[in-house]
Amino acid sequence: MKKITFNVDSVLPQLAQVASVVNSKNTIQILDSVMVETFSDGSTAIFTTSDGEVTLQMKAAVESEEPTKFCVEAKTFLQTLRGLNGRVVTLTLTDESPTIEGKYDNGNFKLPYQDASMFPTPNKFDGEQEERILDAQCFLRAVDMVKFSVASDELRPQMNGVHVDFFADSMVAVASDGHKLAKFSDLSITRTDDKVSEFILPTKPSNLLTSIMQKAVGDVKITFDARMLSVSNSDWKLTTRLIEGRFPNYNSVIPKDLSIEAVVNKENILGALKRVLPLGSSSSEMVVLNFRNNAVIVSAEDIDFSTSASEMIPCEYSGESLRIAFKGSFLAMSVQNIDDELIVFSMSDPSRACVLRPFEQAGQTEFLSLLMPMMLND
């Protein structure tokens, strides 16, 4: 008979995080479970979940009498503990039957458990590995700034993730779905050799990492080869299979000869989009920007339902009148992810890509978002 005691508040955040890895439907039943492992120090447990591609391990504070390892259905275990906030729970594993008995101050519960030997081990590195030690918040920002542009395209799987390059003078994170592109460069992250290394991080682990690292302090260790990547610190470790293949040459699609510029207040244009888009076409989501002397008119219409809206907001622009159209939701996402009060629209003509940048780049970082225009029917 083995016992584990813990305050629910000290394990619930970690359990909720690892449970988010579990798929709603699994072909292998054991993947519905969280593996709980305690150690001889008697003060630590590690929760582990996997979907076959991604494995997440998180450390939590517990009291245990001896080392043990078992698996319990993750969603049920999480739901059970969510109703016991602030309480001290003791789990007892009985030898007679594969059952966990949970007791707290005025109640109890029972859950079945499974043999932990059935739980899959994380995929192993099998190629030449590279290791990088990065500030957690730097890596978080790089992934978080670009992941809104990740594609979901079965024909081009290399686009279905965040691409990360390590150059001699910077780390660059890029994502694109062919209609929009986001590129974030951190010039503070350098290397001492001329080697270029790269990986493509799939969408699910990208989202998991941005969630885990929101409160992370200090450095994380990133280890990767051609197929696998792990990111870890002293409290957690995420291991994932990478997207294999070559990411397109993103620099080649970013236009350099953009001679027309307009500077727009971020909140002004987001507010205008919020007000005009509901009266535009729900299928095309087309929004038209008409730049003229020190103003831009933001408009949308739905011919089928005879609805339309337009709003004029100030901007710094002194060229000839220019009308350019975008998918409204894509424009809103691109604007929202620019971390500055003022946004620079760089253009050449209504049929070519537009580049959005912050008016002032932050510190040693550079960000841009590229947006392909929609065809205007004049």
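**Exercise 1. Work out the order in which the 5 strands of the open sheet stand, and find its edges.**

Solution. In this predicted model, the 5 strands of the open sheet follow the order E5-E1-E7-E8-E9, and their pairing is antiparallel. The next step is to look for strands that pair on one side only, and these edge strands are E5 (63–64) and E9 (107–112). At the E9 edge, strand E8, which covers residues 99–104, pairs with E9 in the antiparallel sense over 6 bridges. One residue pair illustrates this pairing, for Lys 103 has Asn 108 in E9 as its bridge partner.

**Exercise 2. Describe how helices H1 and H2 are placed, beginning with the sheet and ending with the contact between the two helices.**

Solution. Begin with helix H1 (residues 8–19), which lies across strand E1 (2–7) and strand E7 (88–93) and runs at about 90 degrees to E1. Helix H2 (residues 74–82) also packs on the sheet, where H2 touches E1, E7 and E9, and its direction makes about 175 degrees with that of E9.

Now turn to the two helices themselves: the axes of H1 and H2 come within 10 Å and cross at roughly 145 degrees, and the crossing is left-handed. On the H1 side the contact is made by Val 8, Val 11, Leu 12, Leu 15, Ala 16 and Ala 19, while H2 contributes Lys 75, Phe 77, Leu 78, Leu 81 and Arg 82. Sorted by character, the residues of this contact comprise 9 nonpolar, no polar and 2 charged.

**Exercise 3. Decide how H6 and H7 are oriented to each other, using the angle at which they pack.**

Solution. Helix H6 (residues 266–276) and helix H7 (residues 328–336) pack at an angle of about 155 degrees, with their axes 10 Å apart. Angles over 145 degrees count as roughly antiparallel, and therefore H6 and H7 are roughly antiparallel to each other. Their crossing is left-handed. The residues in contact are Lys 266, Ile 269, Leu 270 and Leu 273 of H6, together with Leu 331, Ala 332, Val 335 and Gln 336 of H7, and they divide into 6 nonpolar, 1 polar and 1 charged.

**Exercise 4. Trace the pairings of strand E25 with E24 and with E26.**

Solution. Strand E25 (residues 354–358) is mostly covered, since 4 of its 5 residues are buried. With strand E24 (residues 342–347), E25 pairs in the antiparallel sense over 4 bridges, and Ser 346 stands opposite Val 355 in E25. A hairpin of 6 residues joins E24 to E25. Strand E26 (residues 365–371) is joined to E25 by 3 bridges, again antiparallel, with Leu 356 opposite Ser 369 in E26. Finally, the hairpin of E25 and E26 has 6 residues between the strands, and in this hairpin Gly 363 takes a positive phi near 55 degrees.

Key. Residues numbered from 1 in each chain as written. Predicted model: local features only at pLDDT ≥ 70, side-chain atom pairs only at ≥ 80, totals over all residues. Heavy atoms only, no water. Pairing = 2+ DSSP bridges. Contact = heavy atoms within 4.5 Å. Axes fitted to C-alpha atoms, helices over the stretch in contact; angles between N-to-C directions. Parallel < 35°, antiparallel > 145°, perpendicular 65-115°, else oblique. Left-handed = near helix turned anticlockwise from the far one by under 90°. Nonpolar A, V, L, I, M, F, W, Y, C, P; charged D, E, K, R; others polar. Buried < 20%, exposed > 50% of the residue type's maximum accessible area, 1.4 Å probe, protein only.
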